[in-house]
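Biologist: I've got a model open and I'd like to talk through its pocket, rings and charges. Can you pull it up?

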Amino acid sequence: MALGSPDSLKSEKIYTDVLADGRNSCYKARDSFYDCLEKESSKKPTEIASVGLLYPSQCKKLREQYEKQCRLTWVKHFDRQYCAKRRLQRLLDSEEPRKGPLSLPQPYTFKP
């Protein structure tokens with residue numbers, strides 16, 4: 001059987017989530033979840049997402065919708081991007097008390 005034969009085309013499954021409409025619905029769900037994260041940033045995060053992302057319970061329904069609309073690999077990718085963006089923003093903000101690299105405690109030296 002050749003690669004381009006009609007029989008092989010019938011057996012191939014079309015994944016609708018990677019088509020333009022599926023991607024657009026994924027992007028909308030992603031954007032609404034991250035907008036909720038920004039809006040509710042003052043509240044204590046209680047839920048854990050992929051790659052260690054923490055979010056408040058007010059965004060839980062949007063997170064479920066986001067995970068439903070997007071592929072799991074895409075969700076992890078977008079979460080990593082968001083965490084990296086937040087980390088970079090924290091380093092660049094001058095008003096943030098945790099600006100700059102993290103300082104590790106210095107070991108004590110004992111003198112006899």
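What follows is a short chat about this predicted model.

Biologist: Which element gives the largest share of the lining of the largest pocket?
Modeller: That pocket holds about 660 Å³ of space, and 20 residues line it. Helix H2, strand S2 and helix H4 each give two or more residues to the lining. The largest share, six residues, comes from H4.

Biologist: And by class, how many residues of that lining are charged?
Modeller: Among the residues nearest the pocket centre are Arg86 and Arg87, along with Leu53, Leu54 and Tyr82. Sorted by class, the lining has eight nonpolar and three polar residues, and the charged count is nine.

Biologist: On to the rings: what kind of pair do Tyr27 and Phe78 make?
Modeller: Tyr27 sits in helix H2 and Phe78 in helix H4, so the pair ties together parts 51 residues apart in sequence. The ring centres are 6.3 Å apart. The planes stand at 70 degrees, and the cut-off is over 60, so this pair is edge-to-face.

Biologist: Is Phe78 buried or exposed?
Modeller: Its partner Tyr27 has a relative accessible area of 31%, so Tyr27 is partly exposed. Phe78 comes in at 10%. Buried means under 20%, so Phe78 counts as buried.

Biologist: Which residue lies over the face of Phe78?
Modeller: Here the partner is a charge rather than a ring. The distance to the ring centre is 4.6 Å, and the residue is Arg30.

Biologist: How far apart are the ring centres of Phe33 and Tyr55?
Modeller: Phe33 lies in helix H2 and Tyr55 in strand S2, so they tie together parts 22 residues apart in sequence. Both are buried, and they belong to one aromatic cluster with Tyr34, Tyr66 and Tyr82. With planes at 85 degrees the pair is edge-to-face, and the centres are 5.4 Å apart.

Biologist: Now the charges: which side chain meets Arg86 in a salt bridge?
Modeller: The structure holds six salt bridges. This one links helix H4 to helix H2, with the two residues 48 apart. At 40% relative accessibility Arg86 counts as partly exposed. The N to O distance is 3.5 Å, and the partner is Glu38.

Biologist: What is the N to O distance between Lys43 and Glu40?
Modeller: Lys43 is partly exposed at 39% relative accessibility, whereas Glu40 is buried at 12%. Their side chains meet in a salt bridge, and the distance is 2.8 Å.

Note on methods. Residues are numbered from 1 along each chain as its sequence is written. This is a predicted model: local features need pLDDT of at least 70, side-chain atom pairs count only at pLDDT 80 or more; totals for chains, interfaces and linings use all residues. Side-chain values use heavy atoms; hydrogens and water are left out. On a 1 Å grid over the protein atoms alone, a cavity is a set of points where a 1.4 Å probe fits but cannot get out, and a pocket is an open set with protein on both sides within 12 Å along at least five of seven lines; lining residues have an atom within 4 Å of a point. Grid points are joined across faces, edges and corners, and a volume is the space filled by probe spheres set on the points. Helices (H or I, at least four residues) and strands (E, at least two) are DSSP runs, numbered from the N terminus. Ala, Val, Leu, Ile, Met, Phe, Trp, Tyr, Cys and Pro count as nonpolar, Asp, Glu, Lys and Arg as charged, and the others, Gly among them, as polar. Rings of Phe, Tyr and Trp (its six-membered ring) pair if their centres lie within 6.5 Å; planes under 30 degrees apart count as stacked, over 60 as edge-to-face and the rest as tilted. Buried means under 20% relative accessible area, exposed over 50%, partly exposed in between (1.4 Å probe, protein chains only). A charge sits over a ring if NZ of Lys or CZ of Arg is within 6 Å of the ring centre and within 35 degrees of the ring normal. A salt bridge is a side-chain nitrogen of Lys or Arg within 4 Å of a carboxyl oxygen of Asp or Glu.
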